[in-house]
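Hi,

Here is the structure I promised to send over. Have a look at it first, and my notes follow below.

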Amino acid sequence: MHKLFDTHAHYTDEKFDNPDELLKEIFAGDVGYITCVASNIEDSIECINYANRYDNIYASAGIHPHECEKLIDINADMQKLEQLLTKNKVVALGEIGLDYHYDKDWEIKQKEYFDAQLSLSEKLKLPVIIHDREAHMDVFDIIKSHPNSTGIIHSCSESNEMVKEYIKRGWYISFSGTITFKNASKVLDAVKATPLDRILVETDCPYLAPVPMRGTINSSLNLHYTAEAAANTLGVDYDTFCDNEMKNAKTIFKIN
């Protein structure tokens, strides 16, 4: 069986009643590894705890743009985050970025935390996991100001032109279940613009369940639907896609 790496999952989310039983089922199937991705300091600690309990789970630590409005001391927050990022099995800083979907009232603060966390990633030489929702040019401009940063564009919604720019800079592009949706033509163009040696897949579970599981609580059990759609779009056989996706994830997360 050719295994996949779920590069972005949220098993600390309260929607999961009994994630331990679910994870046993997942690792008995076609998912070899999972990165449990954090949204704030407390969640980062929970993700690290999961990673320490499971050989096949790794963790990120970071502050999501939605969390920034609650915070008051960026220097203290960066100190706490830096301590967490040095913990065993922490492989990335994230998820971080900008989100303008609901409103832009906290745009300045989001940018401050995004910039500070990118600086921290450069200092620690860790990849970042980027959350970009309706803020494409601002995200790209801030990333450009951190030339030593690298990482993953999570649940990619970028244009194929923007994907090509990230690829030039050495970034990896991760696709979620959105590529299986009926209105997925734009994101499928982004898949086509992503080389096989830079593509990743994710569930973003418990969110973004792929077709035919839309409307359910998503999990890594559904990752193969996204991988199959990506492989078909790229015109490669499924086993080849899986092998490359696993290699790409291990490369960006520096897992031997």
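Let me start in the middle of the sheet: alanine 59 has valine 90 of strand 4 as its bridge partner. Strands here, like helices, are DSSP runs numbered from the N terminus, with at least two residues (E) for a strand and at least four (H or I) for a helix.

Before I go on, the ground rules. This is a predicted model, so local features need pLDDT of at least 70 and side-chain atom pairs count only at pLDDT 80 or more, while totals for chains, interfaces and linings use all residues. Residues are numbered from 1 along each chain as its sequence is written, and side-chain values use heavy atoms, with hydrogens and water left out.

**The strands**

Strand 3 (residues 57-61) pairs with strand 4 in the parallel sense over three bridges; two strands count as paired if DSSP finds at least two bridges between them. Further along, alanine 61 is opposite leucine 93 of strand 4. Strand 2 (residues 31-36) also runs parallel to strand 3, again with three bridges, and threonine 35 has tyrosine 58 as its partner there. On the other side of the list, strand 4 is joined to strand 5 (residues 128-133) by six bridges, also parallel. One of the partnerships is leucine 98 with aspartate 132 in strand 5.

How covered is strand 4 (residues 90-99)? Of its 10 residues, 10 are buried, where buried means under 20% relative accessible area, exposed means over 50%, and partly exposed is in between (1.4 Å probe, protein chains only). Strand 3 is mostly covered too, with five of its five residues buried. In a regular strand, side chains alternate between the two faces of the sheet. In strand 3, Ile57, Ala59 and Ala61 point one way, Tyr58 and Ser60 the other, and all are buried.

**Backbone oddities**

Most residues other than glycine have a negative phi, and most peptide bonds are trans. You may want to look at these:

- The bond from glycine 94 to glutamate 95 is cis, with omega near 5°, and glutamate 95 is in strand 4.
- The bond from cysteine 205 to proline 206 is cis as well, with omega near 15°; proline 206 is in the loop between strand 8 and helix 8.
- Aspartate 204, in that loop too, has a positive phi near 55° and is buried at 10% relative accessible area.
- Lysine 125 has a positive phi near 60°. This lysine is in the loop between helix 4 (107-124) and strand 5, and is exposed at 62%.

**Asparagine 218**

Asparagine 218 is in the loop between strand 8 (199-201) and helix 8 (223-234). What is the relative accessible area of asparagine 218? It is 0%, so the residue counts as buried. Leaving out residues up to four places away in sequence, asparagine 218 touches Phe16, Thr203, Cys205, Pro206, Tyr207, Leu208, Ala209 and Pro210, a contact being heavy atoms within 4.5 Å. From asparagine 218 to isoleucine 57 is 161 residues in sequence and 17 Å in space, C-alpha to C-alpha.

**The whole chain**

The protein chain has nine helices and eight strands, and its C-alpha trace spans about 45 × 40 × 35 Å along the principal axes. Of its 256 residues, 57% are buried. Residues 24 or more positions apart account for 72% of the contacts with a separation of 6 or more.

Cheers
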